[in-house]
Amino acid sequence: MSMMRSIYLDNNATTALAPVVLDAMLPYLFSEHANPSSASEAGVRVKKALGDARIAVAHFMGATPAELIFTSGATESNQTAIMGALSLSKGKRHLITSQVEHPSVLLMCQHLERLGIEVTYLPVDEEGRLSLEDLHAALRSDTALVSLMWANNETGVVFPIAEATAIAHAAGALFHTDATQAIGKVSVNAVASGVDFLSCSAHKIHGPKGVGALFVRKGIALPPLFHGHQERGRRGGTENVPAIIGFGAAIRLVTDVESDACYLRGLRDHFEQGLLAFMPCARIHGQEAERLPNTSNIGFIAIDAEELLYRLEQKGITAAAGAACAAGRQEPSHVLTAMGISKTAVLSSLRFSFGRMNQLEDVEQLLRVLPSLLLDMMDMPPITAAPLISCAHSQ
Ligand code: PMP
């Protein structure tokens, strides 16, 4: 019986735990189980290991260990930054974000609106790009915080974070960036970018789920979301030791972002070129914008994305229709909708996100499988040699 090899192309949703990360975590699930706040010898050992993980993650983003708070993930980091910035900027009751942020930012902003905070949601253009002029125009004397993602999880489109930060600071506002998708895919230096707060998460870089970090620029006394003595009073709750150790191990695996990016871009471009060769009318969302090297969001004209996703899964290939969090709800992606893409076109779009564990063979297999699936879904007779799906066929 032949075993179907499974191909995972949903690395923006989450990544597989790297085996060495698991190895690093295992002792802290068993023998090294002491509480890092305990004064016992074992507690001191665990505290030291936490410190080493903090150094690794902080240095990776150009920060000092004291500027890093470990959290339960990017959702908590994002919400800590937003809530904290509001309470730091007393009297200021306005926030700026974009229409394409992750729900962990958008839903928090909507919640705050119900509490009387005013929020401006900046639009994006048809390629998913942000206008710095729009940001400039939206800033007010009572703007507490600007929160913009470094890179979009659905399209991979990268925002000009350093420039946006400078504009926000000139108007007296704090700046937060959700860099969850950027870490490990493009070079991210929290300090050099000038941001006040930066969120990230371990499970996007082959680390464990349920752990993330928030960079808080030196000199900012950000009030915590959870009060307690851990993390120097900035995040209460006994530290998730095995996960934090795993985060440290995962970040140490990212030794050369440039060469990883080159590898990922190679896979992604091979896919997009191969796809366009047999389906020239397929639309690559955000193609003209600066994009993460690993993300490909494709509009398959007149194809039901959920159905295609299911058929790919039957062939052992995992991709995503919209973000993982929105999938299954049959709601058109808010990101593609904000780019002015029609509802029908949004519901025909799939995201393929490549990871370091993917190989060229995975892309080849995808390119072998896709044409016949698409032709089948379009009720076309199978074409054996050099299949070409023309725009006329797919309308
Ligand atoms: N922000 C972005 C851009 C993300 O992609 C995600 C994960 N989908 C999050 C925030 C939330 O991260 P976490 O799962 O660690 O809470």
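**Figure 1. Two domains in one predicted chain.** The domain assignment, which is automatic or taken from a database, splits the chain into domain 1 (19–253) and domain 2 (256–377). Taken over C-alpha atoms, the centres of domain 1 and domain 2 are 27 Å apart. This is a predicted model, in which local features need pLDDT of at least 70 and side-chain atom pairs count only at pLDDT 80 or more, while totals for chains, interfaces and linings use all residues. Residues are numbered from 1 along each chain as its sequence is written, and side-chain values use heavy atoms, with hydrogens and water left out.

**Figure 2. Where domain 1 meets domain 2.** Here 30 residues of domain 1 are in contact with 28 residues of domain 2 (contact means heavy atoms within 4.5 Å). The two domains bury about 2500 Å² between them, with 59% of it on carbon and sulfur atoms; buried area is the accessible area (1.4 Å probe) lost when two parts are put together, summed over both. Look for E154, T155 and K185: they supply 29% of the area that domain 1 buries against domain 2, more than any other three residues.

**Figure 3. A close-up of the ligand and its neighbours.** There are 14 residues around the ligand, and T75, D178, Q181, S201 and K204 come nearest (a residue counts as near if one of its heavy atoms lies within 4 Å). A polar side-chain atom of D178 is 2.6 Å from a ligand nitrogen atom. For H102, an N or O atom in the side chain lies 3.3 Å from a nitrogen atom of the ligand. A polar backbone atom of A74 sits 2.9 Å from a ligand oxygen atom. Taken alone, the ligand exposes 390 Å², and the protein buries 88% of that (Shrake-Rupley method, 1.4 Å probe).

Terms used
A polar contact is a pair of N or O atoms within 3.5 Å; within protein, one must be able to donate a hydrogen and the other to accept it, and residues adjacent in sequence count only if both atoms are side-chain atoms.
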